[in-house]
Amino acid sequence: MEFQAGSFAVAVTVPDRAVLEHNMRDRFARGQGFALATLNLDHLEKLRVEGPFRDAYAAQEFVTADGNPIVWCAALAGRSVELLPGSDLILPLARIAAGMGVAVGLVGSTEDSLAGATEALERAVPGLRVVERIAPPMGFDPDGDTARAVLNRLDAAGVGLCFLALGAPKQERLAALGRQVTPGIGFASIGAGLDFLSGKQVRAPEWVRRIAMEWAWRMLSDPRRMARRYILSALILPGHLWRSWRMRQR
């Protein structure tokens, strides 16, 4: 399912969880890295502007649907796409890594949050090895020397799967750099997922997610930071729905 963000085309390349898990096992078995992004309306808004975020997205081998509007657009276009938010992918990918003996690294958030996320992960996934945790400083440049030092540190620790919790566009840009600097590491950009695991942020209850209102929960939880994001996302949704409907007609 392809979306148009200004002059930039981006596609959801992973239709469902079964395909994603098959691809992850294949990459781990081959010792090959990857970059995984989770597409949502906020990303589509950011991708309308030419710049490093577009370049980063072009380097992502796997893109899932993160957000019900992406799923709705796909359905309107006659495509079947499963909702696969980054936060929901952490445990499934960690279980695959543990089962295949792949060491895990965590990058983003704060030291306290990473410690809490590590404890939660190792408790939920027996045999999982979290061998590196890095909380970059404020103002972290995902394209600069500090980013390369982070990547080299992950590589030296033997990380095969790294969860990036830096928020967009930093996490996707670091993943794109990682495909060049550390091609044997798989990078999964998961936003606030580690903060949810550690309890530093409270995720919307399952029933709220089930009725597609997690966005409202997040906006009400942090209106100063999230309101503008969701307003801009709402403004571009009608255009994407229209293009999806036109796609079906063609």
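**Close-up 1. Glutamate 132 and its salt-bridge partner.** Glutamate 132 has a relative accessible area of 15%, so it is buried (under 20% relative accessible area; exposed is over 50% and partly exposed lies in between, with a 1.4 Å probe and protein chains only). This is a predicted model, in which local features need pLDDT of at least 70 and side-chain atom pairs count only at pLDDT 80 or more, while totals for chains, interfaces and linings use all residues. Residues are numbered from 1 along each chain as its sequence is written, and side-chain values use heavy atoms, leaving out hydrogens and water. Glutamate 132 forms a salt bridge with arginine 153, with 3.2 Å between the closest N and O atoms (a side-chain nitrogen of Lys or Arg within 4 Å of a carboxyl oxygen of Asp or Glu). The bridge links distant parts of the chain, from strand 6 (residues 130-134) to helix 7 (residues 145-156), its two residues being 21 residues apart. Helices (H or I, at least four residues) and strands (E, at least two) are DSSP runs numbered from the N terminus. Arginine 153 is partly exposed, at 41%.

**Close-up 2. More salt bridges.** The count of salt bridges comes to 12. One of them joins glutamate 214 to arginine 203, at 2.9 Å between the closest N and O atoms. Here glutamate 214 belongs to helix 11 (residues 214-221), and arginine 203 to the loop between helix 9 (193-198) and helix 10 (206-210). Both glutamate 214 and arginine 203 are buried. Look also for arginine 225 and aspartate 222, whose side chains meet at 2.9 Å, N to O; aspartate 222 is partly exposed at 29%. Asp42, Lys46 and Arg229 are linked in a salt-bridge network.

**Close-up 3. Aromatic pairs.** The whole structure holds 4 aromatic pairs (rings of Phe, Tyr and Trp, the last by its six-membered ring, with centres within 6.5 Å; planes under 30 degrees apart are stacked, over 60 edge-to-face and the rest tilted). In one edge-to-face pair, phenylalanine 34 and phenylalanine 62 sit 5.9 Å centre to centre, with 70 degrees between the planes. This pair brings together strand 3 (residues 34-39) and strand 4 (residues 62-65), its partners being 28 residues apart. Phenylalanine 34 is buried at 0%, and phenylalanine 62 is buried at 8%. Phenylalanine 53 and tyrosine 57 make another edge-to-face pair, because their centres are 5.3 Å apart and their planes are at 85 degrees. These two share helix 3 (residues 52-58), 4 residues apart, about one turn of the helix. Phe28, Phe34 and Phe62 form one aromatic cluster.

**Close-up 4. Helix 1 and its buried face.** Which residues of helix 1 are buried? They are Leu20, Glu21, Met24, Arg27 and Phe28. Seen down the helix axis, these buried residues fall within an arc of 125 degrees, so they line one face (the arc is that of the directions from the axis to the C-beta atoms). On the other side, Ala18, His22, Ala29 and Arg30 are exposed. Covering the buried residues are elements including strand 3, strand 4, helix 5, strand 7 (159-165) and helix 8 (170-181), with contact meaning heavy atoms within 4.5 Å. Just after helix 1, glycine 31 takes a positive phi of about 70 degrees.

**Close-up 5. Glutamate 45 in helix 2.** Glutamate 45 lies in helix 2 (residues 41-46) and is buried at 18% relative accessibility. Leaving aside residues up to four places away in sequence, glutamate 45 touches Leu232 and Ile236.
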